[in-house]
Each structure stands twice: as C-alpha cells, then as structure tokens.
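These are my notebook entries on one protein chain. I set down what I looked up, topic by topic.

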Amino acid sequence: MSPHSTLLIQNADCVATMDDQGTEWRDASILIQGHEIIAAGPTASLPKDLLDQATQTIDARGHIVIPGLVNTHHHMFQSLTRAVPAAQNAELFSWLRTLYPMWARLTPEMIHVSTQVAMAELLLSGCTTSSDHLYLYPNGVRLDDSIAAAQDIGMRFHACRGSMSVGESAGGLPPDSLVEKEADILKESQRLIDTFHDASRHAMLRVALAPCSPFSVSPDLMRESARLARSSGQAGVRLHTHLAENDHDLAYTREKFNCTPTEYAESQEWLGDDVWHAHCVKLDDHGIGRFAATGTGVAHCPCSNMRLASGIAPVRRMLDAGVPVGLGVDGSASNDAAHMLGEARQTMLLARVGRSLVPFGCDHGPSDMTAHDALRVATRGSARVLGRDDIGQIAPGMAADLAIYDLRTLGMAGSAVHDPVASLLMTQPAQTAWTIVHGRIVADHGRITTVDLARVVERHNQLARALAGH
C-alpha cells in the first residue's frame, strides 16, 4: 500500500484490540493510512468524513478482526523435511542426528523456497510477524536467502543469524561438517546487522544473533555474540537461542558446565530484556525467578514440545511471575505445521493439562489458561518478546498488521454467537479471510497475493525429494 492510500475495514462484527484493558468492540471499523492504523473503534463513533477518505474498503460484516499473530520461534528450512519417517518418533537429540545429514545438502534455493512455504502457511493462519532461526549454512547458504524470501512474500521478519561451532569431535551434537569457525560467525553477524537491521518504528526487518544451543556452540561464542549485539552500533539487536528444552538438554548442561541452563545463560551474559530463549520446558523455580527479574523472554512452542515428547513448559507459572512469554511454532519438522492460531489453541489446552499434574488440592483449573489468555500470549506477549511496541495491538499509531476471520463458517457455527474471540481457539483453527501486513493485503481467502503459491509449493516438493535423495 502506498503511503497515501487509505484502507477501511468496515463494520466488523467484532474487533479484539488486545489493549491493556482487553477492549472488544462490536460493529467496529479500522482505518489504515499507508502502513499505520490511524483510527479504530465502533463505526458509529468514528467521524464520517474520516471514513470517507478510504480509497479501498473491506466489508467485514460477519467477521472478527484481531491484531496479526506474532511467531517468536521457527526453523523455516525444516519445511523440506516434514514427516521424514526415520525422525517421526524420535526425541530431540536423536531427531537432530537423523536430520543433520539431510540438512547438510541444503542450498540457497532450498532456503528461499522453504522460507516462502513456511511464511505462506503462517500468513494464512493470521500470523503477520515471524522470527526465523537459521543456524546452518552449507553450500553457500546465507541468511540473505531467507531475508529475500520474506521481502518477496511481504512478511514482517525478525531474521536470526544462528550458528553452530562445536561439532562431534569437540563434544558437541552436530557433525563437524556443519559447524563454522567462530571468527567467521562474528564477522558475518556484524555484516548482517550493518546491511539489514532496521531499528525504526514499524520496521519490516530486524536482525538477531542466535547461537544455536549450549550443545552446539562454545561459551566463548555465546559471550562474544552477546557483546557484539550490544555494541554493534545499532539499537534493538536482540539475542536468541534454545534453552532447557528437554531432559537430555538439562543433563548436557549439568555434565559440561556443572550448572543449570539458567545459571549457564546468566554466566554467559544471556539474561536480559534483549534476550529470548526457545522452549524452556525444564525451567525450574530459580530460573523462572531470574527470567522474571531480568525481563528475559521465552518462546513457548507447545506442539513441538509434544511432538518430541520434551515435556510441558510451566507457562502459567512463568506468566504469574512476570516472565515475558510469546508463542512459537518451532521448526516445521518438529511440529510439521505452522498454524499460529492452532498453536495458540494448543497453548490453552496444554497449559490446562500441565496444571492437572499439580498435586491434588492446589488452586488450579481450566480457567488458568483461557482462550483470551492464549490469544494475548500470541499477540501482545509475542510482540514484547521480540522487543516490539508497535505490533500486537489494534490502536492508532500501531503497525497495520491484522488478521480477519469469517465467523460464519462451519467450524464456528454455534460458537461465534456466544464469544467470537474465544471461538477462534475453542473451535477448529481457521484460516483467515484476509491477512494484512504493513497495510498490504497479503492473503485473500486462501490466496497469497504476493507470490504464485502453487508454483512455490511445486518447486518446494521437488527440492524436498532431492534433499531426501529420492
């Protein structure tokens, strides 16, 4: 959308703002000018002369509008290795060892195409901003390949420059062929920050530094990456890694570093309000306290945690303690899907199951994680985890990132009439009618408007076969 065009989303049955008060409007409209929301509220309360400025209108009767969902953890290249038979029933470490040899054959084209497939799936589910953690770089692959794909498809993107530097011969998990020299990693990290990072409000592209995990990088690389991000000359360069994902992860940290994952992260300068960690399934009470005290964020990935049998993250305890918690779909080969609304539904359901494991007699129940709570984690919570105060909410001055769902579908029959917001999570996860990013309609009733999705999927499947040696 050009800076001078104006899009009106008119007469929505419901608009859920996700503001601090949890405001929901009925029969409401939203006016977008260029890339920004300039007015929102009940249609009758908005000045008619303002609404008349619209150069394009979406009739949202029968629909609900929410802020675009925000995905805080993904490995988009893994779309190429979904449902690989040998990895279907493995836990984390054996799953990785199974897939590393396949990923060693990745090419720049594979990264570009798989990123677009992953982003299309996210966009159609209502996700408008996503991070991606690309941590291996064989055969000339660069983070630039992911960035170009995001720019083509039109998704707001936090590109994480991942890395692995400790191979099997040095006691790490990845094969030696997939690790990089640490000096090269740091040099490339600085190049990416200088070339791509945009700290401005409503930025479409930001860069984070993301050493993969305690079992694939050295303490030196952890520390130096943190120091580089904080002294890079650019504001808002964040830090991301995996932490405390499962029992094997916990045991590795104990054996190699003689401490808990939280203690290890703190010793390497990896706690702070510019840091977010993925999973944190095994975060103990001390860890939750330190995360809360330092403003360190968590990317909660419920489907992946279930898929790999990693466990149930203590999300309710984190939220109650004040830990910033966002939502992540994680890698497409450890989730095998990237539906953010479905992920929010699983957040709600898994938290309820997790609370049932608390000793009998404690004060807990299904209301500990409501549909509204889970949707807030997927919007405001995720925005906070990524360090954004310009997305995740519908209000004047916020980025024009919106997800619009049809309430008249079969899946929502009998639910939307009672609570249209809760119906998004209590019923079958829906695709959007429209997805808007930066004021631009990028998905329209199942069609991605920015790329030829059928051609992308066809090429993606060809590349997936080649990667598997078929």
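**Entry 1. Status of the model.** I note at the outset that this is a predicted model.

**Entry 2. Backbone angles.** I began with the phi angles. Most residues other than glycine have a negative phi. I looked for exceptions and recorded two of them. N11 has a positive phi of about 60° although it is not a glycine. I located N11 in strand 1, which covers residues 6-16. Its relative accessible area is 22%, so N11 is partly exposed.

The second residue I recorded is A244, which is not a glycine either and has a positive phi of about 50°. A244 is found in the loop between strand 10 (238-243) and helix 7 (247-257). I asked whether A244 is buried or exposed. With a relative accessibility of 1%, A244 counts as buried.

**Entry 3. Helix 6.** I next checked the length of helix 6 (residues 219-230). Its 12 residues, at 1.5 Å a residue, should span 16 Å, and I found the end C-alpha atoms 17 Å apart, which agrees. I then listed the buried residues of this helix: L221, M222, S225, A226, L228 and A229. Viewed down the axis of helix 6, these buried residues fall within an arc of 165°, so they line one face of the helix. I asked what covers the buried residues of helix 6. The cover includes strand 8 (156-163), helix 5 (182-196), strand 9 (205-211), strand 10 and helix 8 (261-267).

**Entry 4. Salt bridges.** I counted 25 salt bridges in the model. One of them starts from helix 6: the side chains of R227 and E269 meet in a salt bridge at 2.6 Å, N to O. This pair links distant parts of the chain, as R227 is in helix 6 and E269 is in the loop between helix 8 and strand 11 (275-279), 42 residues apart. R227 has a relative accessibility of 38% and therefore counts as partly exposed. E269, at 29%, also counts as partly exposed.

I then turned to R316, which forms a salt bridge with D373; the closest N and O atoms are 3.7 Å apart. Here too the pair links distant parts of the chain: R316 is in helix 11 (residues 315-321) and D373 is in helix 14 (residues 371-385), 57 residues apart. R316 is buried, with a relative accessible area of 17%, whereas D373 counts as partly exposed at 29% relative accessibility.

A further salt bridge joins R455 and D452, with the closest N and O atoms 3.8 Å apart. R455 counts as exposed at 61% relative accessibility, while D452 is partly exposed, with a relative accessible area of 44%. I also noted that R142, D144, E188 and R191 are linked in a network of salt bridges.

**Entry 5. Nonpolar cores.** In soluble globular proteins, nonpolar side chains tend to be buried together. I asked which members of the largest nonpolar core touch the most other members. Of its 120 residues, these are W95, W103 and Y405. Helix 3 (residues 108-125) gives the largest share of this core, with 10 residues. Another core, of 23 residues, lies apart from it, and among its residues are A12, W25, V65 and I394.

I looked up the surroundings of W103. Neighbours within four places in sequence aside, W103 is in contact with F77, Q78, T81, W95, L96, Y135, L136 and P138.

**Entry 6. Aromatic rings.** I counted nine aromatic pairs. In one of them, the rings of F77 and Y135 have their centres 5.7 Å apart and their planes at 80°, so the pair is edge-to-face. F77 lies in the loop between strand 6 (69-71) and helix 2 (92-103), and Y135 lies in the loop between strand 7 (127-134) and helix 4 (143-153), so the pair ties together parts that are 58 residues apart in sequence. F77 counts as buried at 1% relative accessibility, and Y135 is buried with a relative accessible area of 3%.

Y135 also pairs with W103, edge-to-face, at 6.5 Å centre to centre and 80° between the planes. W103 is in helix 2, and this pair links parts of the chain 32 residues apart. I closed the entry with the cluster as a whole: F77, W95, Y100, W103 and Y135 form one aromatic cluster.

Methods
Residues are numbered from 1 along each chain as its sequence is written. This is a predicted model: local features need pLDDT of at least 70, side-chain atom pairs count only at pLDDT 80 or more; totals for chains, interfaces and linings use all residues. Side-chain values use heavy atoms; hydrogens and water are left out. Helices (H or I, at least four residues) and strands (E, at least two) are DSSP runs, numbered from the N terminus. Buried means under 20% relative accessible area, exposed over 50%, partly exposed in between (1.4 Å probe, protein chains only). The expected span of a helix is 1.5 Å times one less than its number of residues. The arc is that of the directions from the helix axis to the C-beta atoms. Contact means heavy atoms within 4.5 Å. A salt bridge is a side-chain nitrogen of Lys or Arg within 4 Å of a carboxyl oxygen of Asp or Glu. A nonpolar core is a set of buried Ala, Val, Leu, Ile, Met, Phe, Trp, Tyr and Cys residues joined through side-chain atoms within 4.5 Å. Rings of Phe, Tyr and Trp (its six-membered ring) pair if their centres lie within 6.5 Å; planes under 30 degrees apart count as stacked, over 60 as edge-to-face and the rest as tilted.
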